[in-house]
Amino acid sequence: SEIPLAELANRMASPNGWWRDLAHRLLLHRRSELTAATAGPVMASLRQIVNSGKAPAVQALAALCQLLPEDATASRLQELEAALASGDVEVRRMAVELLEPLLSVEDPSPAALKLLELASSDPAMLVQRQVLLSCGEVRTSAAAAVLARLLLQHANHESLRNAALTSLHPQNIGSVLQQVLQSPPTPDRGALLSLLMSQAGAMGATEELTAPLTSLLQALNANSAADNWQQATEVLTKVLSGKSGKQLVGSAGAGFTTALTQSAAAAWTAAANSELLDDQRAAALGFAGAAGVGFSAERPVQEFLHPSISPLVQQAAIRLLLQSGAAAATTDVLARLRSLTPAAQAELLDGLLQREDGTELLLSALEAGTTSAADLDAPRRARLMHHRNQQLAARARSMLQQAGVSSRELVVTEY
């Protein structure tokens with residue numbers, strides 16, 4: 001004769017995995033035999049195993065929820081809420097996973113979303129990771145607040161961050177972005193915003209980028225802290241460098257364009273303000289570069305290269321100059337190379353040597369005599385003479401020989 005259903009439920013407590021699996025399969029196979037009279041003892045046995053905190057508790061919880069009628073949503077939520085209070089972390093994790101069918105419906109109930117939020121406060125990383133994975137089952141923005149909060153909390157935890165990223169989709173990423181943007185600034189927020197905006201761009205959700213990016217730009221002013229400028233620079237650079245950035249610029253509308261123009265103007269005001277901290281001024285120059293605004297006749301680079309200007313600001317100005325590719329201004333600065341701080345000199349020379357057009361400018365200045373070969377140390381002279389462009393390398397050897405660089409050094413660089 002067949003084993004009674006209540007006995008099968010008791011077998012779910014077996015330490016033997018084979019017996020548990022067999023009892024589990026048989027219970028599911030015979031679920032149609034459950035009646036008002038037989039269901040009570042079966043459910044009571046399974047509940048007792050779940051509450052025991054022993055190894056079989058996780059499987060017993062799964063069986064308990066699977067045996068409930070499809071329309072018994074209230075009962076299922078009640079069982080899962082009780083499981084979330086278990087002392088067994090695996091039971092709590094399983095409770096979140098078993099909540100997913102109630103989250104994946106078109107309009108999840110407030111009670112199901114409340115349980116997800118409750119589980120998000122669990123101290124165990126295992127449970128929080130499951131919450132992040134399960135957030136993706138909600139096909140609306142209803143779980144965006146939970147997702148954003150845990151993303152901010154675990155921005156530096158690779159496994160949890162990756163779990164959160166798998167739960168992003170076009171229906172929730174805009175709300176997640178807004179939640180992160182409205183959070184207090186932290187050292188990790190800029191990188192997180194950049195990552196989220198890149199995800200939105202990859203999803204083709206360009207329209208979701210407009211509002212958060214515009215808000216980020218509108219929050220900047222001439223007195224903004226260096227961290228705020230740096231975060232905005234990181235985000236703007238990442239977003240505008242991709243295909244989605246080009247689409248954004250073309251379709252964002254007047255609000256974004258105005259915010260970008262005004263924030264760039266604020267950056268120049270901050271950079272020119274000698275009363276601000278050096279890191280604020282340097283970060284503002286970095287933002288100006290990300291916004292696509294370089295030096296001009298009204299904003300000459302020379303204003304930021306006086307000996308009285310701090311090395312930090314001078315280096316930021318040199319980086320912006322190199323980024324803009326302004327040949328005339330760069331040639332003018334090369335003519336004043338010795339007036340720069342050693343750090344700014346290194347920034348300029350190394351930046352030029354990294355690019356073929358920059359090396360061309362440097363060689364032209366050396367050949368014209370506006371810059372002296374004596375201003376280049378041996379390693380930089382070697383880089384010139386061994387440039388991958390053979391024509392530039394030959395020019396460098398000829399120029400350095402004429403400039404009186406020792407024949408011994410020239411021979412050594414050949415080998």
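# Questions about a predicted model

Student: At 48% relative accessibility, how does Asp227 count?
Tutor: This is a predicted model, and in it Asp227 has a relative accessibility of 48%. The label "buried" needs a value under 20%, and "exposed" needs one over 50%. The 48% falls between those cut-offs, so Asp227 counts as partly exposed.

Student: And how far apart are the C-alpha atoms of Asp227 and Gly190?
Tutor: Start with where Asp227 sits: it's in helix H14, residues 226–241. Along the chain, Asp227 and Gly190 are 37 residues apart. In space, their C-alpha atoms are separated by 8.7 Å.

Student: Let's go to helix H16. Is Ala266 buried or exposed?
Tutor: Ala266 has its place in helix H16. Its relative accessible area is 11%, and the cut-off to beat is under 20%. That makes Ala266 buried.

Student: Which residues does Ala266 touch, not counting those up to four places away in sequence?
Tutor: Don't mix up touching with a C-alpha separation: for Ala266 and Phe287, 21 residues apart along the chain, that separation is 9.9 Å. For touching, we skip residues up to four places away in sequence. What's left for Ala266 is Asn221, Ala222 and Trp229.

Student: What is the relative accessible area of Ala272?
Tutor: Ala272 is also found in helix H16, which covers residues 254–272. It counts as partly exposed, so its value can't be under 20% or over 50%. The relative accessible area of Ala272 is 48%.

Student: Which residues is Ala272 in contact with, leaving aside neighbours within four places in sequence?
Tutor: Val105 makes a nice contrast here: Ala272 and Val105 are 167 residues apart in sequence and 55 Å apart in space, C-alpha to C-alpha. A contact needs heavy atoms within 4.5 Å. Leaving aside those sequence neighbours, the contacts of Ala272 are with Arg281 and Phe304.

Student: What about Ala13: how far is it from Ala232 in space, C-alpha to C-alpha?
Tutor: Ala13 is in the loop between helix H1 (5–11) and helix H2 (17–29). It counts as partly exposed, at 38% relative accessibility, and apart from neighbours within four places in sequence it contacts Ile49 and Pro56. Ala232 is 219 residues away from Ala13 in sequence. In space, the two are apart by 56 Å.

Student: Now some helix pairs. How does H12 run relative to H13?
Tutor: Helix H12 (residues 189–202) and helix H13 (residues 206–218) pack at an angle of about 155°, with axes 8 Å apart. An angle over 145 degrees earns a particular label. That's why H12 is, relative to H13, roughly antiparallel.

Student: How many residues in the contact of H12 with H13 are charged?
Tutor: On the H12 side we find Arg189, Leu193, Met197, Ala200 and Gly201, and on the H13 side Thr206, Leu209, Pro212, Leu213 and Leu216. Seven of these residues are nonpolar and two are polar. The number of charged residues is one.

Student: How does H19 lie relative to H21?
Tutor: The axes of helix H19 (residues 327–335) and helix H21 (residues 356–368) come within 10 Å and cross at roughly 45°. Under 35 degrees would be roughly parallel, and roughly perpendicular runs from 65 to 115. An angle of roughly 45° fits neither, so H19 is, relative to H21, oblique.

Student: Which residues of H21 do Ala327, Thr330, Thr331 and Leu334 in H19 meet?
Tutor: These two helices make a right-handed crossing. The contact counts five nonpolar residues, two polar and no charged. The H21 partners are Leu361, Leu362 and Ala365.

Student: What is the handedness of the crossing of H7 and H8?
Tutor: Helix H7 (residues 110–120) and helix H8 (residues 125–135) have axes 9 Å apart and pack at an angle of about 145°. Among the contact residues are Leu116 of H7 and Val131 of H8. The crossing is left-handed.

Student: Last one: in which helix is confidence lowest?
Tutor: The mean pLDDT of the protein is 88, and 94% of its residues reach 70 or more. Helix H8 has the highest confidence, at 97. At the other end, with a mean of 46, is H24.

Note on methods. Residues numbered from 1 in each chain as written. Predicted model: local features only at pLDDT ≥ 70, side-chain atom pairs only at ≥ 80, totals over all residues. Heavy atoms only, no water. Helix = DSSP H or I, 4+ residues; strand = E, 2+ residues; numbered from the N terminus. Buried < 20%, exposed > 50% of the residue type's maximum accessible area, 1.4 Å probe, protein only. Axes fitted to C-alpha atoms, helices over the stretch in contact; angles between N-to-C directions. Left-handed = near helix turned anticlockwise from the far one by under 90°. Nonpolar A, V, L, I, M, F, W, Y, C, P; charged D, E, K, R; others polar. pLDDT = per-residue confidence, 0-100.
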